[in-house]
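Please walk through this model sheet by sheet. Which strands pair, what packs on them, and what is covered?

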Amino acid sequence: MAVVYAVGVGPGDPELLTRKAERILRSVDVICAPTGAAEGGSYALSIVEEFIDRSRQEVLIQLFPMVKDQQGLDPFWEEAADQVAQRIAAGKDVAFVTIGDPFLYSTYLYIHRIFLAKYPEIKIEVVPGISSILASSAISGLPLGLGAERIAILPATYEKDELKRTLEDFDTVVLMKVNRVFDSVYAALKELGREKSGVFVRRVGSAEEEVHHDLESLVGQKLDYLSMLIVRKNPL
């Protein structure tokens, strides 16, 4: 029976793919890759391009609009799931590539729930990937947790008071896709006297990778969507 593989391709460096991910990408009949804009490319696909043979494998680009309000986007996810189901019905193995890990804030999760509800007969195998959180911690030299320390991971939308409570309650806080709210986050850090305890990482693992410890220099700047901020309460 054909299989859908949800393949985590890591944060940007092809060398951070697992051996299992590479094996599956080389062997499947179809590669599905998400894009956030109809005319845009797929970042996940660009990471794995060297492992794909387009002469014998189909590459299917699927549109997943990247907007804050997810209302009304069900048709995009339904269509993507249907396209995959058609190829599975034809006996073709399909790999859906996603940045980082498939089960951590990934694009794949939008269609995973449709597979479970609409196509329960489809066999799904999830191939874990290295998260940008782990890669950013490593490249910046800022450990995530030690001993009994507590770690919080927050998505891009958070209220200032909630953020301040989280910064006070947890030893390490990871703020995902912080680009649009960076200035307000920095203001909260400054109020807590923590503005020098974090690191900002952009497009980790790629040729455009940047690491900034001077957070104040980023205030008022247009920041990359693929970015995060890691804040530690105490140094090692």
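The report below takes the two sheets in turn, with a surface patch between them.

This is a predicted model: local features need pLDDT of at least 70, side-chain atom pairs count only at pLDDT 80 or more, and totals for chains, interfaces and linings use all residues. Residues are numbered from 1 along each chain as its sequence is written, and side-chain values use heavy atoms, with hydrogens and water left out.

**The parallel sheet**

Five terms need cut-offs here, beginning with the strands. Helices (H or I, at least four residues) and strands (E, at least two) are DSSP runs, numbered from the N terminus. Two strands pair if DSSP finds at least two bridges between them.

An open sheet of 5 strands runs in the order β3-β2-β4-β1-β5, with parallel pairing. β3 (58–63) and β5 (123–127) sit at the edges with a single partner strand each, so one side of each has no neighbour in the sheet. From one strand to the next, the twist averages 25 degrees. Angles run from 0 to 180 degrees between N-to-C directions, and axes are lines fitted to C-alpha atoms, for helices over the stretch in contact.

β1 (residues 3–8) pairs with β5 in the parallel sense over 5 bridges. Ala 6 has Val 126 in β5 as its bridge partner. Helix α3 (residues 74–89) lies across β1, β2 (30–35), β3 and β4 (94–98). The helix α3 runs at about 160 degrees to β3. Contact means heavy atoms within 4.5 Å.

**A nonpolar patch**

Leu 104, Tyr 105, Ile 151 and Ile 153 make a nonpolar surface patch of about 320 Å². Patch residues have over 30% relative accessible area and no salt bridge; like charges are joined within 9 Å, nonpolar side chains (Val, Leu, Ile, Met, Phe, Trp, Tyr) within 5 Å. A salt bridge puts a side-chain nitrogen of Lys or Arg within 4 Å of a carboxyl oxygen of Asp or Glu. Areas come from the Shrake-Rupley method with a 1.4 Å probe; for residues, only the protein chains shown count as cover.

Leu 104 lies in the loop between β4 and α4 (109–118). Leu 104 counts as partly exposed because its relative accessibility is 31%. Buried means under 20% relative accessible area, exposed over 50%, partly exposed in between (1.4 Å probe, protein chains only).

**The mixed sheet**

Another open sheet of 5 strands has the order β6-β7-β10-β8-β9, and its pairing is mixed. The edge strands β6 (151–154) and β9 (210–212) each pair on one side only. Here the twist averages 15 degrees from one strand to the next. Helix α7 (residues 182–191) packs on this sheet and touches β7 (172–176), β8 and β10 (227–232). The direction of α7 makes about 5 degrees with that of β10.

β8 (residues 198–202) joins β9 through 3 antiparallel bridges. β8 also pairs with β10, antiparallel, over 5 bridges.

| Residue in β8 | Bridge partner |
|---|---|
| Phe 200 | His 212 in β9 |
| Arg 202 | Glu 210 in β9 |
| Arg 202 | Ser 227 in β10 |

β8 is mostly covered, with 5 of its 5 residues buried. Gly 198, Phe 200 and Arg 202 are buried on one face, Val 199 and Val 201 on the other. In a regular strand, side chains alternate between the two faces of the sheet.

In β7 lies Met 176. Met 176 counts as buried because its relative accessibility is 10%. Its C-alpha atom is separated by 17 Å from that of Gly 36, 140 residues apart along the chain.
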